[in-house]
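Here is a short report for a reader who is new to this structure. Start with the view below, then read on.

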Amino acid sequence: MDSPVVFKARGLTKIYRMGEVEVVALRNVDLDLHGGEFVVLLGPSGSGKSTLLNILGGLDTATSGHVLYSGTDLTAANERELTAFRRDHVGFVFQFYNLIPSLTARENVAAVTEIATRPMRPEDALEIVGMGKRLDHFPAQLSGGEQQRVAIARAIAKNPAVLLCDEPTGALDSATGIVVLEALERANRELGTTTVVITHNMVIAEMADRVIRMADGQVAGSERNETRKSPSELHW
Amino acid sequence: MKALDRKLLRDLWHMRGMAVAISLVMIGGISTFVMSRVTYESLKITQARYYIDQRFADVFAGLVRAPEAVAERFIELPGVNQVETRVVAPVNLEVEGFDDPVTGRIMSLPEFGEPRLNVPYLRRGRLPAPAADHEIAINEDFADAHGFQPGDRLVAVIKGHRKRLDIVGIALSPEYMYAIPPGALFPDYERYGILWMNRKALATAFDMDGAFNDVSFSLQRGASERDLIDRVDLVLARYGGLGAYGRDDQFSHRFITEELRGLETMATIFPVIFLGVAAFLLNVVISRLVATEREQIGTLKAFGYSTAQVALHYIKLVLSITAFGLVAGTGLGLWFAKGLSGIYQVFYSFPYLHFELDPLILLQAVAVTLVAALAGTAFAVRRAAALPPAEGMRPEPPPVYRATFLERLGLQQRLAEPSRMIVRHIARQPLKAGLTMLGIAAACSILMITNFQRDAISWMLGVQYGLSSREDLTVLFTDPTPRRALYSIKSLEGVGHVEGFRAVPARLVHGHRSHRTAIDGIEPGGELQRVLDAALHPVSIPPQGILLTEYLAEEILRISPGELLTIEVLEGNRPVLQVPVVGTTREYLGVNAYMSREALNDLMREGPAISGARLAVDPERQVEIYGRLRGMPRVAGTIVRDTAIEQFNEMMEQTILYFSFITALLGGFIAFGVVYNSARIALSERSRELASLRVLGFTRGEVAYILLGEIGLLTLLAIPLGFLFGYGLSGYLTVAFSSDLYRIALVVEPATYALAATIVLVSFAITGALIWRKLARLDLIEVLKTRE
């Protein structure tokens, strides 16, 4: 791949201390992510996928090692710099959507566009994910898949350089999951957003440019798909 | 509007019950603060304006008689600005259709022009015309009590001469804002009047032609009051001066000043309690909100909201609740202040009221409230803002429960599972449980205060009139009179028991401390006027020496039994005497000095003279007896006891009712605010747990028991604590309000405890009903589905 490296991780290690016990979540991980790439992170639970994603997204900090984002060292950044990094460059999608229940779909997106530097209109973002008709519904009035699509709209509305998705279909049935994946795929294709999707569902790996397997806090393998399947071709 | 602000509004709407409950408590604090401060300031300003407008004097002196020429010497005294000499005469009044004895005080007005000092404030009609010898103005309270209008008439008996007088004006005076008849303890507007009359007409009737018996002074700026008082006393010594005194000892001024001091105390205690409780409630509610919104906070931060933005969001929420409390509290406070100042205006005969809202008071209210609110929530807001986003995404770790101390003692066998849950839940958050109890206890104590005042007053009246002053009537003579006059009084039909007394005006001095009062010489073994000890048992009057009211001995003169007291008599030859203090007496109204009548006569080097008599009479013949007494020479006036009590009760009832209403309302606010919020928070924290229990087959009643049992237990525990606080607060008030005018007894009746506890329990019952409804709406499936 010729596109520039967006994320460069070297020797990433993360150790949690839980009471008396030390848990090693990441061991010496090296990783490069390229601009516009659609990457699927595969692995069983406890393999360190979420920890890696959180560190890449500036939600968490590594115990040792370095993460460079477009040449900037995130591991050296303070709280304020990490906040600015997340605000300007990263979009998150979570397994349980994490919408603000007291805000409508449009307002949930607006909450993010209001603080972004070059956002799209919330309505446009919702249109991309196929939620243009349900702008004024509250999360409680939406199905799980709809909520997740609002969450994707919220993530892409700021025109982020990277989209980090932690089990975006984990709480959804397969039909709904595919609709959500289509929304992600469309954002990646049309906006050129570097997209990382965590999943333990092997099928989803088929729509990626690249699949990175994780096990026991380490990168166990990385392979490139010759052809990307479209989400509608997937079944599980 | 920003999306986050919309969230704020919807969050507020969602938690409106709790927000309103907190606001109510804040309203309690802010409104009492605004009410007390605004009333205080308004009355202060009105008083100051009134004093200036009517040229209220700085120094006053009464005397027996001095030729008018003496006034020239006063003008030359250093520091004197204006001098006004007057003739002041006690009168008996006859009001048509009113049988009770009416007494009054007539004051002279200069023949031409306004008085230089103590100018009456004319409400209706006019002042007596120059040279008119039968025209008077009367004070408004007296006029209102009898419905007098200019043009009406009344009859005055001055030195035994009946004189028909035309009322031409209705007036007020800063000298008599709180007008108390001599020898009485309370104002009695029906039976005591203040009259103004031309100097010449009054002097002629009172044998004071070319002379005066009352003088007042205003001071030059910066002049020493003490110095002037000494010089005036020196000048008046040979004219029977009764001792000059400053404004601070002027009765009406004293009384109002004391009352205003009470308002200041109120402006401190109540807001502190209310705002303290409000801060605690805000802390509980915001902490809970932050806990439930962990993930939302995490999400916001994941999307780049900064710590400061998140903090600001929650601060805005706190400020919204506070702002509502501030606006409503200020509004309510102003409304209370209007009502209260109105009551004071009538009670203290202010001619008008400058109701002013000093912006500074509002600023203070805002500042104090904001500090309380933000201090109360600082911790919760900080926790919200500082939450690392990755941590916010993870569910909160399950709360740690332990077997409680009680259980480790082996009590668990006695507790069913639900009760065990209650005990463990309380034990898990002892600080919160403790503060909840404190809040409820505070409500309970505030609820006790009001009724405590009522208890204390009825106790004081009971002691004063049931144990101490037990006469039906008191007769006052114009001059000391031979004791044999008692026989002619006793011979009146219907008079049962008669006791004479000798009252001598004097200055009591001990070291540099002194107090002006009258020494009451009473008959040992008397039944009508008794002196009580600390246990309220009658004390026998010792044959020698003097007894002082505790407060006079301990607080004012700082003298103990066994020490010598200097008495500067302010009548007759004005001897200066040394008398040992032989004991102290307990009294709640006024401060007094008692001696045996005979010993006092001996000290005064006079025969068995008396200044008046106390009578027990047949109530059937009371009216007839007044008539006879009025006709007797030397009788200056008659005071009826029952009417004085009634009048006082009526007046107190008004003020106290107003306070009762306010404090009961506000105390209820606190009780409800704390109980409701605690229950609501518990419901929010435990809805999953409770829904699980419902799914497992627990009934709504059993689940309600677990939820309400906790707050119910805390409420029950808080009530005795509240009793303790209430008693302590009452004790504080008795100290804060003590003065030589009156002391409040620390008496709390069982009914007061019962009422406070009842209101607290009612708050709990209302909360229970509201929570019961919410439990009915608990959606079992939805609750179990949502991820915590």
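The structure holds 51 salt bridges over all chains. This is a predicted model. Several of these pairs are worth finding in the view.

**Salt bridges within the chains**

Begin in chain A. The side chains of A:D32 and A:R10 form a salt bridge, with N and O 3.2 Å apart. A:D32 belongs to strand 2 (residues 21–34) of chain A and A:R10 to strand 1 (residues 5–18) of chain A, so the salt bridge ties together parts that are 22 residues apart in sequence. A:D32 is partly exposed, at 24% relative accessible area. A:R10 is also partly exposed, at 34%.

Now turn to chain B. B:R483 pairs with B:E523 in a salt bridge, and their closest N and O atoms are 2.9 Å apart. This pair links distant parts of the chain, 40 residues apart. B:R483 sits in the loop between strand 12 (473–482) and helix 15 (485–490) of chain B. B:E523 sits in the loop between strand 14 (513–522) and strand 15 (531–532) of chain B. Are the two partners buried or exposed? B:R483 is partly exposed, with a relative accessible area of 29%. B:E523 counts as buried, because its 15% falls under the 20% cut-off.

Another salt bridge in chain B joins B:R621 and B:E624, with the closest N and O atoms 3.5 Å apart. B:R621 is partly exposed at 27% relative accessibility. B:E624 is partly exposed at 38%. Salt bridges can also share partners: A:R106, A:R121, A:E123, A:D124 and A:D136 are joined in this way into one network.

The table lists the named pairs, including one that crosses between the chains.

| Salt bridge | Closest N to O distance |
|---|---|
| A:E107 and B:R10 | 2.4 Å |
| B:R483 and B:E523 | 2.9 Å |
| A:D32 and A:R10 | 3.2 Å |
| B:R621 and B:E624 | 3.5 Å |

**Where chain A meets chain B**

How many residues of each chain take part in the contact? Chain A brings 28 residues, and chain B brings 25. The area buried between the two chains is about 2,200 Å². Carbon and sulfur atoms give 60% of that area.

Two salt bridges cross the interface of chain A and chain B. One of them joins A:E107 to B:R10. Eleven residue pairs are in polar contact between the chains, counting pairs with both residues at pLDDT 80 or more. On the side of chain A that touches chain B, four elements give two or more residues: helix 2 (79–89), strand 6 (90–93), helix 3 (105–113) and helix 5 (144–156) of chain A. The residues of that side divide into 14 nonpolar, six polar and eight charged.

**Chain B as a whole**

Chain B has 788 residues, and 58% of them are buried. Its secondary structure comes to 22 helices and 22 strands. The C-alpha trace spans about 100 × 55 × 50 Å along its principal axes. Among contacts in chain B with a separation of 6 or more, 82% come from residues 24 or more positions apart.

**Cysteines**

A disulfide is a covalent bond between the sulfur atoms of two cysteines. Here the count over all chains is zero. Two cysteines can still be placed by their accessibility. A:C165 is buried, at 0% relative accessible area. B:C444 is buried too, at 0%.

How values were computed. Residues are numbered from 1 along each chain as its sequence is written. Chains are lettered from A and ligands numbered from 1 in the order in which they are written. This is a predicted model: local features need pLDDT of at least 70, side-chain atom pairs count only at pLDDT 80 or more; totals for chains, interfaces and linings use all residues. Side-chain values use heavy atoms; hydrogens and water are left out. A disulfide is a pair of cysteine sulfur atoms within 2.5 Å. Buried means under 20% relative accessible area, exposed over 50%, partly exposed in between (1.4 Å probe, protein chains only). Contact means heavy atoms within 4.5 Å. Buried area is the accessible area (1.4 Å probe) that two parts lose on being put together, summed over both. A salt bridge is a side-chain nitrogen of Lys or Arg within 4 Å of a carboxyl oxygen of Asp or Glu. A polar contact is a pair of N or O atoms within 3.5 Å; within protein, one must be able to donate a hydrogen and the other to accept it, and residues adjacent in sequence count only if both atoms are side-chain atoms. Ala, Val, Leu, Ile, Met, Phe, Trp, Tyr, Cys and Pro count as nonpolar, Asp, Glu, Lys and Arg as charged, and the others, Gly among them, as polar.
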